[in-house]
Amino acid sequence: MRSDSDDCAKLEEKGARNFDPATYWAIHPHQLHVIATASREKSAAYSSFPSKPLYNPYEGHISGRQLNESVEDFLKRLPPLTTTVSHQHPWIYIANPHASSRPTDCDTAGFMNVAEALLEDFMKQKDAIEKAMTEKAKGSITKKLTPLRKALEQKLLALAKEHHFTSGKWMLFPSADDVNRQWAIVAEATVNRELGTAAKVAPDDGKGDRVPRLICVYTKDFSDMEDVQRVLDRLVEMGLVKKADQRGIYYKADAFMELGINSGNEWGLKASLYASKDVLGGGKK
């Protein structure tokens, strides 16, 4: 009577005679148990790294999208066309929950203290030049002030970088009847990491269809031209910016906005850092 060990020995001997290494290694990687094992090992490797928590600066604010809220539900809850502006809804906000930037990194107060002093010094220089050149043509005075303005702008931008006050935004101006559609595109793309760090849209201020709405699409750093252009390019791809439009759209730094550097400001500084027609054409400003 043969034992089990005899049978095992015969099977092993037969298997050894029939074994073809080339065939084995050709088939091995495609066998189900091999694929399953590799998948488990890969998942274990990824899980060993701590996952970065999602971040939402508007969490708990009624005017912002919540992390547990789908974009679809958010858009239904706060449609910009019919949401009335109020102290609760000065803007409607949405954030990229995967963005690395954190508002807490920004030293706004420190920036403002130094920046306001720089603006004050410039105004003193400007007044002195204008008084000394009262008999000169306006063009001559402007020529004298232009290098001072350029130097001031560079100092303010460098100061903003130093204090991590680097956020900025591209600005869209859709008509009231198209604001819901454009905002839905921007909101979805923001959450899906296709645009920048966040976006906001102006609610209904009671002026109806007479005045275009404003949508701001934020980027992390105004000096990161690669990212600034990437976001603009994506807006073009989504049909929200037209390359052929001579007016284009503009990009503003939040640091300048905080200082009140708007169109027609008393310092004569440019309110916008970039124009889409220049960026798309290969230039910066």
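**Note on the sheet, a helix pair and a pocket**

1. In this predicted model, six strands make up an open sheet whose order is 1-3-4-2-5-6, and the pairing between them is antiparallel. The edges are held by strand 1 (92–95) and strand 6 (274–275), each of which has a single partner strand, so one side of each is left without a neighbour in the sheet. As general background, strands of a sheet pair through backbone hydrogen bonds, in either a parallel or an antiparallel sense.

2. Strand 2 can be followed to its partners on both sides. With strand 4 (residues 215–219), strand 2 (residues 168–172) pairs in the antiparallel sense over five bridges, and four bridges join strand 2 to strand 5 (residues 250–253), again with the two strands running antiparallel. Glycine 168 is a useful residue to locate when tracing these pairings, since it stands opposite threonine 219 in strand 4 and has alanine 253 as its bridge partner in strand 5.

3. Moving on towards the edge formed by strand 6, one finds that strand 5 and strand 6 run antiparallel and are joined by two bridges. Which residue of strand 6 is the bridge partner of tyrosine 250? That partner is alanine 275.

4. The helix pair deserves a separate look. Helix 5 (residues 108–132) packs with helix 6 (residues 138–162) at an angle of about 175°, and their axes lie 11 Å apart. Because angles over 145 degrees count as roughly antiparallel, helix 5 is described as roughly antiparallel to helix 6.

5. The contact between these helices draws on many residues: those of helix 5 include Phe111, Leu118, Phe122 and Ile129, and those of helix 6 include Ile141, Leu148, Leu152 and Leu159. Charged residues also take part, among them Lys126 and Glu130 in helix 5 and Lys144, Arg149 and Lys155 in helix 6. By class, the contact comprises 14 nonpolar, one polar and five charged residues.

6. Lysine 144, which is found in helix 6, touches Ile129 and Met133 when residues up to four places away in sequence are not counted. Measuring tape aside, the computed C-alpha to C-alpha separation of lysine 144 and methionine 133 is 9.8 Å in space, while the two are 11 residues apart in sequence.

7. Finally, the second largest pocket holds about 390 Å³ of space. Of the 15 residues that line this pocket, the closest to its centre are Phe173, Asp245, Arg247, Gly248 and Ile249. Strand 2 and helix 7 (179–191) each contribute at least two residues to the lining, and the lining residues divide by class into eight nonpolar, three polar and four charged. Strand 2 thus appears both in the sheet, where it pairs with strand 4, and in the lining of this pocket.

Key
Residues are numbered from 1 along each chain as its sequence is written. This is a predicted model: local features need pLDDT of at least 70, side-chain atom pairs count only at pLDDT 80 or more; totals for chains, interfaces and linings use all residues. Side-chain values use heavy atoms; hydrogens and water are left out. Axes are lines fitted to C-alpha atoms, for helices over the stretch in contact, and angles run from 0 to 180 degrees between N-to-C directions. Angles under 35 degrees count as roughly parallel, over 145 as roughly antiparallel, 65 to 115 as roughly perpendicular and the rest as oblique. Contact means heavy atoms within 4.5 Å. Ala, Val, Leu, Ile, Met, Phe, Trp, Tyr, Cys and Pro count as nonpolar, Asp, Glu, Lys and Arg as charged, and the others, Gly among them, as polar. Two strands pair if DSSP finds at least two bridges between them. On a 1 Å grid over the protein atoms alone, a cavity is a set of points where a 1.4 Å probe fits but cannot get out, and a pocket is an open set with protein on both sides within 12 Å along at least five of seven lines; lining residues have an atom within 4 Å of a point. Grid points are joined across faces, edges and corners, and a volume is the space filled by probe spheres set on the points.
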